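Visitor: I would like to learn how to read a fold from its sheet outward. Please show me the model first.

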Amino acid sequence: MLRLGIIGCGRVTQMFHLNAIEDANNVIVVALADTLKTRVTKTMKSSKVDYGYTDYEDLLNNPFVDAVVINTPPKYHEEIILKALQANKHVICEKPLARNAEEAHR
């Protein structure tokens, strides 16, 4: 079973990603992070997720998270991807991966 953490609980996550993950075999969302506590709480209730954070680094430190899905605005992708990799998490990032070639290379 792959245990996912989702960083970014906006409309796309709520309307599309959680539904798609729910239909996947051997994948479960165990943690959520968003800068807005109200979004974290709402998404936790609707998806029955146990862990919710307003700081994504707390999610990265959760030992029950194997991989992260990054659903944030592109300007945050590079920082979050690099920190997730440093935390030994597998990474799935919403497009675009980076804002430019230099960020993508890093």
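Guide: What follows goes from the sheet to the helices and then to the cores. Keep in mind that this model is predicted.

Visitor: In what order do the strands of the open sheet lie, and with what pairing?

Guide: Read a sheet by its strand order, then by its edges. Here five strands are arranged as β3-β2-β1-β4-β5, and the pairing is parallel. β3 (51-53) and β5 (90-93) are the edge strands, each paired on one side only. From one strand to the next the twist averages 30°.

Visitor: How many bridges join β1 and β2?

Guide: Six bridges link β1 (residues 2-7) with β2 (residues 27-33), in the parallel sense. Within this region, Ile 6 stands opposite Leu 32 of β2.

Visitor: Which strands does helix α2 touch?

Guide: For a helix on a sheet, look at the strands in contact and the angle. Helix α2 (residues 37-47) packs on the sheet against β2 and β3, and its direction makes about 160° with that of β2. Helix α4 (residues 77-86) lies across β1, β4 (67-70) and β5, at about 160° to β5.

Visitor: Which residues touch the most other members of the largest nonpolar core?

Guide: In soluble globular proteins, nonpolar side chains tend to be buried together. The largest such core here has 14 residues, and Ile 7, Leu 59, Leu 60 and Val 68 touch the most other members. At least two residues of this core come from each of β2, α3 (56-60), β4 and α4. Beyond four places in sequence, the contacts of Ile 7 include Ala 33, Tyr 56 and Ile 80.

Visitor: What does the second core include?

Guide: This separate core has twelve residues, among them Leu 4, Ile 6, Cys 9 and Ile 21.

Definitions and conventions
Residues numbered from 1 in each chain as written. Predicted model: local features only at pLDDT ≥ 70, side-chain atom pairs only at ≥ 80, totals over all residues. Heavy atoms only, no water. Pairing = 2+ DSSP bridges. Helix = DSSP H or I, 4+ residues; strand = E, 2+ residues; numbered from the N terminus. Axes fitted to C-alpha atoms, helices over the stretch in contact; angles between N-to-C directions. Contact = heavy atoms within 4.5 Å. Core = buried A, V, L, I, M, F, W, Y, C linked by side-chain atoms within 4.5 Å. Buried < 20%, exposed > 50% of the residue type's maximum accessible area, 1.4 Å probe, protein only.
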